[in-house]
Amino acid sequence: MSDDQDRDTALARAVGLREHGSAAEARPLLLALSDQYPADTEIAYQTAWVHDVLGLEAEAVPFYERALADEGLTAEDRHGAFLGLGSTYRVLGRYEEAVTRLRRGLEEFPGDPALRAFLAMALYNVGEAREAVRTLLEIVAATSADARVQGYRRAIEHYAGDLDAVEGY
């Protein structure tokens with residue numbers, strides 16, 4: 001079996017373990033792969049993810065950073081790495097870094113509601129509650145399938161832009 005096939009087989013096994021609830025078993029496999037392929041962004045991302053699943057956020061950070069160091073990930077995985085790292089920074093109390101990383105993710109994935117939701121939480125943590133509420137209201141207005149929310153969408157969007165408005169739209 002070629003080195004690439006070995007890598008792919010081992011990575012698929014580790015990801016499968018994580019996906020089926022055996023993250024603790026997947027972790028040493030991913031750490032070994034990460035040592036063997038230190039420049040592999042996909043392995044770095046999967047290693048970060050397994051650490052997050054296990055509640056080992058601090059250990060996840062360098063793997064997320066490695067995963068985002070170049071353009072080697074698929075768009076879906078790159079999006080996940082931005083979200084994962086931003087969320088992890090926030091959980092670790094590294095709020096400014098969370099805001100920075102999530103905003104960087106939004107540069108690549110403009111308007112993404114998941115990135116924006118995590119950004120809203122981080123904005124709240126850095127004392128930007130007004131911006132956080134505005135962001136959340138915009139997400140609700142744009143993504144809710146609830147008929148009542150959609151019935152008031154224009155009003156929600158209007159007031160999201162000016163939370164202190166007292167006059168109608």
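In total, 14 salt bridges are found in the structure, which is a predicted model.

Arg-7 takes part in salt bridges with two aspartates, Asp-8 and Asp-40. In the pair with Asp-8, the side chains meet at 2.7 Å, N to O. Arg-7 is buried, its relative accessible area being 11%, whereas Asp-8, with a relative accessible area of 41%, is partly exposed. In the pair with Asp-40, the closest N and O atoms are likewise 2.7 Å apart. This second pair links distant parts of the chain, as its residues lie 33 residues apart. Arg-7 belongs to helix α1, which covers residues 3–19, while Asp-40 is placed in the loop between α2 (23–36) and α3 (41–53). Both Arg-7 and Asp-40 are buried.

A further salt bridge is formed within helix α10 by Arg-153 and Glu-157, with 2.9 Å between the closest N and O atoms. Helix α10 comprises residues 153–161. Because Arg-153 and Glu-157 are four residues apart in this helix, about one helical turn separates them. Each of these residues has an intermediate accessibility: Arg-153 is partly exposed at 30% relative accessibility, and Glu-157 is partly exposed at 34%. Elsewhere, salt bridges that share partners join five residues into one network, namely Glu-71, Arg-78, Arg-104, Glu-107 and Glu-108.

Conventions
Residues numbered from 1 in each chain as written. Predicted model: local features only at pLDDT ≥ 70, side-chain atom pairs only at ≥ 80, totals over all residues. Heavy atoms only, no water. Salt bridge = Lys/Arg side-chain N within 4 Å of Asp/Glu carboxyl O. Buried < 20%, exposed > 50% of the residue type's maximum accessible area, 1.4 Å probe, protein only. Helix = DSSP H or I, 4+ residues; strand = E, 2+ residues; numbered from the N terminus.
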